[in-house]
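Work through the exercises below with the sequence and the model side by side, and try each task before reading its solution.

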Amino acid sequence: RWTVEKVREPEEMAAFVGASGSAFAGARVSDAVAACKKGAASAGRSQRSRAVVQMNTEYETPVTRRLSDALKERDVEARLEREEAERREREEIERREARQRKIQLMESIPENQPVGTVDEYMFKEGVQSVLEKLDYDLIGLWPVKARVREIAALLIVDKMRSKLGLETAVPSLHMSFTGAPGTGKTTVAMRVGEILQKMGYSRKGHLVVATRDDLVGQYVGHTAPKTKEQIKKAMGGVLLVDEAYYLYNASNDRDYGQESIEILLNVMETRKEDIVMVFAGYADKMERFYSYIPGMNSRIGNHIHFPDYEAPELLDIAKLMCRDLEYIIEPDAEHMFLEYIQARMQMPYFSNARTVRNAVDRARMRSAIRLFNNAVDGGYNNGMVSVQDLMTITADDVVSVQELMDRGNAIVE
């Protein structure tokens, strides 16, 4: 192979040819130059060919694997499949044996075997005390109390069945409370949580109240963490979603409330043993809400309606509130309070027991002002205040109907 570097002058090429021997003997200088250039081009092409072959060899080298490694992997896969098949077979054998034991147990128990009375279970599990507390806290609402007793009855009988080894299943305990504000929905949800906790259907039995602001975010990626945070707080107890229909906005497809609803639906189905969800609000709005979200309505097993209170029942609620605060309402004050309630029920923004509570607070404030002024002036009992004075609400302390009418729509309880 001839290698030609750089030829500057014909004389240098001639000297090179003369030194190269007989290959170029007698040839003209120009022929020698041409031959050398041709040899250099051929050498360049050869070098490039070798480089291409070397490059292709580097990228196309096949990846080989040892046969022993492949057989070992195959052995591991076969072992895992065999272990999985053995596990399924063991579980099936255990199920058959458990069923056979249950059949033998049921055949050995006489049909008239006493399990215990319902009252014993009610008292032993603490359900009776919760129901009595519900009667003590709530005036009226007999349909609601009857429905709560039905739920308690189901749980009690389920407990009795499980004692004998009979099949039991956790019923759908998610609920829907419909009714106007101030009808006792939150109080009933609290008592239901206590019943579930005492019966072993929830770990804590506590109540977490949430609204749209607690569940729905204001930007992308904010809703899911907020909803999951409220669910985490309520785990082991009851989650009350107040005015649940505000979660869904039918006029806005991009509303983030839909994401919160999907999370709640998933938890209602997958974690029903560890959380009870209660959706509350006005009856007509809740019905429209369920029509938009049919999957939620089908997951709720208990629909309870809370009717509005009658005026005498609201008066009893006022007396109950005063009793808890260690106040006594005079007979004349009771009559004025009843008239006030009857007039207030015909006016806007009436909220049943909440309105009554505000009226009782207003009466307490007027009583305090009356006692304070009498004591400062010294015109009553020489400024001395007795225990009876501190515990009594008089007719002067109650807002009169005339005073209420004079205020018009500017309602102040």
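**Exercise 1: a residue and its core**

Task: find which residues Ile341 touches, leaving out residues up to four places away in sequence.

Solution: Ile341 touches Ala311, Leu314, Leu315 and Val356, where contact means heavy atoms within 4.5 Å. The model is a predicted one, in which local features need pLDDT of at least 70 and side-chain atom pairs count only at pLDDT 80 or more, whereas totals for chains, interfaces and linings use all residues. Residues are numbered from 1 along each chain as its sequence is written, and side-chain values use heavy atoms, with hydrogens and water left out.

The next step is to place Ile341 in the largest nonpolar core, which has 55 residues, and in which Ile341 is listed with Leu155, Phe177, Val188, Ile195, Phe337 and Val356 as having the most contacts. Such a core is a set of buried Ala, Val, Leu, Ile, Met, Phe, Trp, Tyr and Cys residues joined through side-chain atoms within 4.5 Å; buried means under 20% relative accessible area, exposed over 50% and partly exposed in between, with a 1.4 Å probe and protein chains only. Helix α6 (residues 142–164) gives the largest share of this core, seven residues; helices (H or I, at least four residues) and strands (E, at least two) are DSSP runs, numbered from the N terminus.

**Exercise 2: two helices**

Task: describe how the axes of helix α13 and helix α14 cross.

Solution: the axes of α13 (residues 311–324) and α14 (residues 331–344) come within 9 Å and cross at roughly 130 degrees, axes being lines fitted to C-alpha atoms, for helices over the stretch in contact, with angles from 0 to 180 degrees between N-to-C directions. The two helices are therefore oblique to each other, since angles under 35 degrees count as roughly parallel, over 145 as roughly antiparallel, 65 to 115 as roughly perpendicular and the rest as oblique. On the side of α13 the contact is made by Ala311, Pro312, Leu314, Leu315, Ala318 and Lys319, and on the side of α14 by Glu334, Phe337, Leu338, Ile341 and Gln342.

**Exercise 3: positive phi in a loop**

Task: decide whether Tyr349 is buried or exposed, and whether Asn352 is buried or exposed.

Solution: Tyr349 lies in the loop between α14 and α15 (353–377), and Asn352 is found in the loop between α14 and α15. Phi of Tyr349 is positive, near 65 degrees, in a residue other than glycine, and Asn352, not a glycine either, has a positive phi of about 55 degrees. Tyr349 counts as exposed at 68% relative accessibility, whereas Asn352 is buried, with a relative accessible area of 2%.
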